[in-house]
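Hi there,

Here is the structure I promised to pass on. Have a look at it first, and then read my notes below.

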Amino acid sequence: MPNAIFARVVVVASLLTAGCSPLGMFDTLVPKDRGTAKVASAVAYGSEPRQMLDVYAPHSDQIGGRPVIVFFYGGSWNSGTRSGYAFVGRALAAQGFLVVIPDYRLVPAVRYPAFIEDGAAAVRWAKAHVADFGGDPARIVLMGHSAGAYIAAMLAVDDRWLKEDRRAVRGFVGLAGPYDFAPFDVEASRAAFGAWPRPNETQPVIWAGAGDPPALLLVGADDTTVRPRNSEALGAKLRDGGVSVDLQSYSQTGHVGLLLALARPFRGRQPVLKDIVNFVRKVD
């Protein structure tokens, strides 16, 4: 990677960690994993403009049978676009997985539970169509960062959304997810959930328990945006139900840094990608 480009990537990453720069700029600059391809782009999984998704896959002669990861990005339920996460799609595809990254409707156009409903629709699309790209529809892992981890968690632990399709979910990977944050004391959560008459219903920790898929919960020890106690609470509730949980905390890592550790230039800082890959292969 040329020094000038690397320097710009580092600067953008620093701004992102401080909450000062859009992730799309980082994704444009950062080098992507080779041996992968975006095999489907802007595929509609619903009728709304934001109900579209991209699919990433490794270059390989393998025919079918790949584990599938459906990744939901964060953004406080009010921002984000799948185009800023190609580095995530290609990082995971390079490990042999088929990766689906959907957009979903955002606040203020919608409120809870619309973004979860979109997540469920994207997973149902995956179950119906990933075989066309070499994926196994019976081997799906749900993954997300921040607000996206919330969506993935609700789909994993609350069968109101996927119903019988939840049987295809082999595992859940949550990066810096908010799972136990009622009452709503910040503007983003008030805007997304404040109108719902029964706040407890919106919390993954309320629904988690026996029969849920195994979970890998990843946190940055220095995260002040979504406190690690969210993952600790969800992990405890799942363990009480007999569910296998692996909770990993990374020192000197913040909220965005946990996600950026998936990008090629920053993987040496924390083994986030390695831990995700090992988990997905274990639950496969």
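To start with a question: which residue stands opposite Ile-140 in E6? The partner of Ile-140 there is Val-169.

Before the rest, a word on where the values come from. This is a predicted model, so please keep in mind that local features need pLDDT of at least 70, that side-chain atom pairs count only at pLDDT 80 or more, and that totals for chains, interfaces and linings use all residues. Residues are numbered from 1 along each chain as its sequence is written, and side-chain values use heavy atoms, with hydrogens and water left out.

**The chain as a whole**

The protein chain holds eleven helices and eight strands; helices (H or I, at least four residues) and strands (E, at least two) are DSSP runs, numbered from the N terminus. For 284 residues a compact globule would have a radius of gyration near 19 Å, and the 17 Å of the protein chain agrees with that. That radius is taken over C-alpha atoms, and the globule rule is 2.2 Å times the number of residues to the power 0.38. The C-alpha trace spans about 55 × 40 × 35 Å along its principal axes.

Of the 284 residues, 55% count as buried (under 20% relative accessible area, with exposed over 50% and partly exposed in between; 1.4 Å probe, protein chains only). Among contacts with a separation of 6 or more, 75% are between residues 24 or more positions apart, where contact means heavy atoms within 4.5 Å.

**Around strand E6**

Back to the strand from my opening question. E6 covers residues 169–175, and six of its seven residues are buried. Strand E5 (residues 135–145) pairs with E6 in the parallel sense over six bridges; two strands pair if DSSP finds at least two bridges between them. E6 is also joined to strand E7 (residues 215–220) by four bridges, again parallel, and Gly-174 stands opposite Leu-217 in E7.

The loop between E6 and H7 is worth a look on your screen. Ala-176 is found in that loop and has a positive phi of about 55 degrees although it is not a glycine. With a relative accessible area of 1%, Ala-176 is buried. Pro-183 lies in the loop between E6 and H7 too, and the peptide bond from Ala-182 to Pro-183 is cis, with omega near 0 degrees.

**Strands E1, E2 and E4**

E1 and E2 pair in the antiparallel sense over six bridges, with Ala-37 opposite Ala-57 in E2. Strand E2 (residues 52–58) is mostly covered, six of its seven residues being buried. Four bridges join E2 to strand E4 (residues 98–102), and these two run antiparallel; Tyr-56 has Val-99 in E4 as its bridge partner.

Just before E1 sits Gly-35, in the loop between helix H2 (23–29) and strand E1 (36–44). Is Gly-35 buried or partly exposed? Its relative accessibility is 37%, so Gly-35 counts as partly exposed. Leaving aside neighbours within four places in sequence, Gly-35 is in contact with Ala-57, Pro-58 and His-59.

A second cis peptide bond joins Val-107 and Pro-108, with omega about 10 degrees. Pro-108 lies in the loop between E4 and helix H4 (114–129).

**Two covered helices**

In helix H3 (residues 86–93), seven of the eight residues are buried, so H3 is largely enclosed by the rest of the structure. Those buried in H3 include Phe-87, Val-88 and Leu-92.

How many of the residues of helix H5 (residues 147–157) are buried? The count is eleven of eleven, with Tyr-150, Ile-151 and Met-154 among them. Ser-146 is found in the loop between E5 and H5, where it has a positive phi of about 60 degrees although it is not a glycine. At 9% relative accessibility, Ser-146 counts as buried.

**One last loop residue**

Asn-200 lies in the loop between helix H7 (187–193) and helix H8 (204–207). Not counting residues up to four places away in sequence, Asn-200 touches Ile-206 and Trp-207. From Asn-200 to Val-283 is 30 Å in space, C-alpha to C-alpha, and 83 residues in sequence.

Happy browsing, and do write back with any questions!

Best wishes
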